[in-house]
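Welcome, and please take a moment to look over the sequence and the model. The report below walks through them step by step.

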Amino acid sequence: MEENWLDLPAAEVDLAARRLLGWRLAANGVTLRLTEVEAYSGLGEDPASHAHRGMTNRNAVMFGPAGFLYVYQIYGMHFCANIVCGEEGRAAAVLLRAGEVVEGLSVARERRPAARGDSDLAAGPAKLMQVLALDRSANGTSVIDGTGPLTVSAPADPPGVIEAGPRVGVTSAHDVAWRFWIAGDPTVSAYRRHSAKTRRRSVPDR
DNA sequence: TCTATGATTGTCT
DNA sequence: GACAATCATAGAT
C-alpha cells in the first residue's frame with residue numbers, strides 16, 4: 001500500500017492528486033471512480049489558486065487540515081469541489097474534475113438529463129457535483145470520517161497509467177502540469193485550449 | 001464535429 | 001464593478 005495522500009505536505013499536493021485518482025467518491029446514493037483531478041497550492045508559486053493571494057472568507061477551508069471539502073460556486077450557477085490536502089496552515093487542495101459512475105447509475109442519469117452518454121455524466125467538475133447532488137452546504141465537511149455528505153475510500157485495484165498535462169481554464173501558470181487523469185478513460189474531459197473568453201465588452205462607452 | 005457565446009451570482013478590489 | 005478552477009446550446013464548417 002502506498003503512502004496515504006492525507007499525510008503528504010502541502011508542497012507535494014501534486015503527488016496527493018495523483019494518489020487520489022481511482023478513489024471512490026460516495027454521496028447521496030451515487031458512487032464515482034475518480035478519473036481526473038487538478039492540484040492547486042497557494043504557496044505563492046500558483047497564481048491560479050484561489051489561495052494565492054492569501055486567506056479570505058471563501059478559501060479559508062483550504063488552509064485547514066487535510067481531508068475536508070472546499071466547495072465554491074463558479075459563474076453564478078455551478079459548484080466545484082476540492083479535497084483539502086497538506087498540513088494545517090498551508091493552502092493546498094485537489095480539484096475533483098471527473099469521474100465514472102460505478103453505482104447508482106439510474107439516479108445519476110436522472111440528475112443529468114443533458115448528458116450525452118454515461119461517460120458524460122460526471123465529465124467535468126460541475127457535472128460531477130450535480131451527479132453527487134452536492135452543493136455549497138458540503139463546504140468544510142469531512143470526506144474521511146463519514147460525518148459529511150461525501151465519503152472517499154481507497155480503490156480495490158490500482159488506477160493504471162496516469163497522464164499529466166496543463167490545467168483547464170487557467171491562463172497563467174500553464175508551465176506546471178498539474179492536471180492528472182487516468183490514461184484512456186472515456187470519462188475524462190477533453191482539454192480546452194484558448195477559449196476566447198477574454199472578450200468582454202466592458203466598455204460602457206455609451 | 002468544432003467553436004463561440006450566453007447564463008447568473010458570490011466574492012474580492 | 002468586474003471577474004470566475006463551467007456547461008449547454010446554437011450556428012458554422
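Before naming any element, it helps to know that helices are DSSP runs of H or I with at least four residues, strands are E runs of at least two, and both are numbered from the N terminus. With that in hand, Gln130 can be placed in helix 3. Please keep in mind that this is a predicted model.

## The chain as a whole

Chain A holds 3 helices and 8 strands. Following the sequence, they come in the pattern α-β-β-β-β-β-α-α-β-β-β. Of the 206 residues in chain A, 41% count as buried. If you take the contacts between residues at least 6 apart in sequence, 59% join residues at least 24 apart.

How confident is the predictor? The mean pLDDT of chain A is 90, and 87% of its residues reach 70 or more. One stretch to treat with care is residues 194-206, where pLDDT stays under 50 and the model has 0 contacts beyond four places in sequence.

## Two covered helices

Let's begin with helix 1, residues 13-20. Because 7 of its 8 residues are buried, helix 1 is largely enclosed by the rest of the structure. Those buried residues are Val13, Asp14, Ala16, Ala17, Arg18, Arg19 and Leu20. They pack against strand 2 (30-40), strand 4, strand 5 (93-103), strand 7 (162-165) and strand 8 (179-182). Just after helix 1 comes Gly22, with a positive phi of about 90 degrees.

Helix 3 is mostly covered as well, with 7 of its 8 residues buried. Here the buried residues are Pro125, Lys127, Leu128, Met129, Gln130, Val131 and Leu132. Their packing partners are strand 1 (24-27), strand 2, strand 4, strand 5, helix 2 (105-111) and strand 6.

Now back to Gln130. Is Gln130 buried or exposed? A residue needs 20 or more other C-beta atoms within 10 Å to count as buried, and Gln130 is buried because it has 20 of them. Leaving aside neighbours within four places in sequence, Gln130 is in contact with Arg111 and Arg112. Gln130 and Gly29 are 101 residues apart in sequence, while their C-alpha atoms are 12 Å apart in space.

## The nonpolar core

The largest nonpolar core has 56 residues, and those with the most contacts inside it are Leu20, Cys85, Ala93, Val94 and Leu132. Which residues does Val94 contact, leaving aside its neighbours within four places in sequence? They are Val13, Ala16, Ala17, Leu20, Val37, Ala39, Asn82, Ile83 and Cys85. Some of these names are familiar from helix 1, where Val13, Ala16, Ala17 and Leu20 are among the buried residues.

## Strand 8 and its partners

Strand 8 pairs with two other strands, as the table shows.

| Strands | Direction | Bridges | A facing pair |
|---|---|---|---|
| Strand 2 and strand 8 | antiparallel | 3 bridges | Glu38 and Arg179 |
| Strand 7 and strand 8 | antiparallel | 4 bridges | Ile162 and Ile182 |

Along strand 8, Arg179 and Trp181 point one way and Phe180 and Ile182 the other way, and all are buried. Ile182 has 21 other C-beta atoms within 10 Å, which means that it counts as buried. Not counting residues up to four places away in sequence, Ile182 touches Leu21, Gly22, Thr35, Pro159, Gly160, Ile162 and Val188. Gly22 is the residue with the positive phi just after helix 1, and Ile162 is the one that stands opposite Ile182. His50 lies 132 residues from Ile182 along the chain, and their C-alpha atoms are separated by 25 Å.

## Two backbone angles to look for

Most residues other than glycine have a negative phi. Two places in this model have positive values instead. Tyr75, which is not a glycine, has a phi near 55 degrees. Tyr75 sits in the loop between strand 3 (69-74) and strand 4 (78-84), and it is exposed, with 7 other C-beta atoms within 10 Å.

Ala133 is the second place, with a positive phi of about 60 degrees although it is not a glycine. Ala133 follows helix 3, in the loop between helix 3 (125-132) and strand 6 (150-153). Since Ala133 has 15 C-beta neighbours inside 10 Å, it counts as partly exposed.

Notes:
Residues are numbered from 1 along each chain as its sequence is written. Chains are lettered from A and ligands numbered from 1 in the order in which they are written. This is a predicted model: local features need pLDDT of at least 70, side-chain atom pairs count only at pLDDT 80 or more; totals for chains, interfaces and linings use all residues. A residue is buried if 20 or more other C-beta atoms lie within 10 Å of its own, exposed if 12 or fewer, and partly exposed in between; C-beta atoms are placed from the backbone. Two residues are in contact if their C-beta atoms, placed from the backbone, lie within 7 Å. Two strands pair if DSSP finds at least two bridges between them. A nonpolar core is a set of buried Ala, Val, Leu, Ile, Met, Phe, Trp, Tyr and Cys residues joined through C-beta atoms within 7 Å. pLDDT is the predictor's confidence in each residue, from 0 to 100.
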